[in-house]
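Open the model in your viewer and keep the sequence panel visible. This tour goes from one selection to the next and says what is there at each stop.

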Amino acid sequence: MNTQETQRLVNKAEQLCEQRGARLTPARREVFEILAEQEGAIGAYDLLDKLKAAVPNAKPPTIYRALDFLQEQGFVHKITSSNSYVLCSHFDHQHPVQMLICERCGSVQEIQSDGVYDALKKQAEGQGFLVASQTIEAHGLCKDCR
């Protein structure tokens, strides 16, 4: 992602934080920027290594606190199967998420299929279960790796 696009996303995140009464601290902003510049998902310790370039005294709690905040704000998604993180492609609103994860190159594509979410929600409600959030991970090969 180019610098101009990264800056546009940072500005958008700052505006949303301001509207929500949340604080995008310098460390949180730096982690957001690293994620915005990433191709695909990245693990917390790789993020920490990159963060140390800007914040030399950063420690694991720094990165985990920043990631928790960014997740709470809907700016990033956690990919549970690889314990990694990826910037949300449309973080200005909460939404159900499906992730297409390439097992060869590691690329992650976020898609939104309301039909998948609606079917899940309907079946869950039939069991008396209320879905609070939904992320589905599908593993396979992207078009470039096929």
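Where is the place of N83? Select N83: its place is in the loop between β2 and β3. Keep in mind throughout that this is a predicted model. N83 is not a glycine, although it has a positive phi of about 50°. With a relative accessible area of 42%, N83 is partly exposed, because that value lies between the 20% limit for buried and the 50% limit for exposed.

**The start of β3**

Next, select S84, whose place is in strand β3, residues 84–87. Is S84 buried or exposed? S84 has a relative accessible area of 5%, so it counts as buried, the cut-off being under 20%. Show the side chains of S84 and S82: a polar contact of 2.5 Å joins them. Leaving out residues up to four places away in sequence, S84 touches A41, I42, G43, H77, K78 and I79.

**Helix α2**

Now select residues 26–37, which make up helix α2. If you put a distance label between its end C-alpha atoms, it should read 16 Å. This agrees with the expected span, because 12 residues at 1.5 Å a residue should also give 16 Å. The span is counted as 1.5 Å times one less than the number of residues.

Which residues are buried in α2? They are V31, F32, E33, I34, L35 and A36. To see what the buried residues of α2 pack against, colour α1 (3–20), β1 (42–43), α3 (44–51), α4 (60–72), β2 (76–79) and β3.

**The nonpolar cores**

Stay with α2 and select V31, F32 and L35, then add L70 and F75. These five have the most contacts inside the largest nonpolar core, which has 28 residues. Elements giving two or more residues to this core are α1, α2, α3, α4 and β3. A second core, separate from that one, has 6 residues, among them I79, M99, I101 and V108.

Go back to V31 and show what surrounds it. Not counting residues up to four places away in sequence, V31 touches L47, L51, I63, A66, L67 and L70.

**The aromatic rings**

How many aromatic pairs does the structure hold? It holds 4. For one of them, select F32 and F91. Their ring centres are 5.6 Å apart and their planes stand at 90°, so the pair is edge-to-face. F32 is in helix α2 and F91 is in the loop between β3 and β4 (97–102); the pair links distant parts of the chain, 59 residues apart.

Keep F91 selected and add F75. The ring centres of F75 and F91 are 4.9 Å apart, with planes at 70°; this pair is therefore edge-to-face, as over 60 degrees is required. It links distant parts of the chain too: F75 is in the loop between α4 and β2, 16 residues from F91.

Together, F32, F75 and F91 form one aromatic cluster. F75 has a relative accessible area of 0% and is buried. F91 counts as buried at 1% relative accessibility, and F32 is buried as well.

Two charged side chains are worth a stop here. K12 lies over the face of F91, 5.1 Å from the ring centre. For the other, select R28 and F69: the charged end of R28 sits over the ring of F69, 3.8 Å from its centre.

**The loop between α5 and β6**

Finally, move to the loop between α5 (114–126) and β6 (135–140), and select V131 there. V131 is buried, with a relative accessible area of 14%. Which residues is V131 in contact with, leaving aside its neighbours within four places in sequence? They are Y117, K121 and A124. From C-alpha to C-alpha, V131 and Y117 are 9.6 Å apart in space, and they are 14 residues apart in sequence.

Q134 lies in the loop between α5 and β6. Q134 is buried, with a relative accessible area of 5%. Turn on its side chain: at 2.7 Å, the side chain of Q134 reaches the backbone oxygen of V97. The side chains of Q134 and Q98 are joined by a polar contact of 3.5 Å. Residues up to four places away in sequence aside, Q134 touches P96, V97, Q98, Y117 and L120.

Note on methods. Residues numbered from 1 in each chain as written. Predicted model: local features only at pLDDT ≥ 70, side-chain atom pairs only at ≥ 80, totals over all residues. Heavy atoms only, no water. Helix = DSSP H or I, 4+ residues; strand = E, 2+ residues; numbered from the N terminus. Buried < 20%, exposed > 50% of the residue type's maximum accessible area, 1.4 Å probe, protein only. Polar contact = N/O pair within 3.5 Å; in protein donor to acceptor, adjacent residues only side chain to side chain. Contact = heavy atoms within 4.5 Å. Core = buried A, V, L, I, M, F, W, Y, C linked by side-chain atoms within 4.5 Å. Phe/Tyr/Trp six-rings, centres within 6.5 Å; stacked < 30°, edge-to-face > 60°. Lys NZ or Arg CZ within 6 Å of the ring centre and 35° of its normal.
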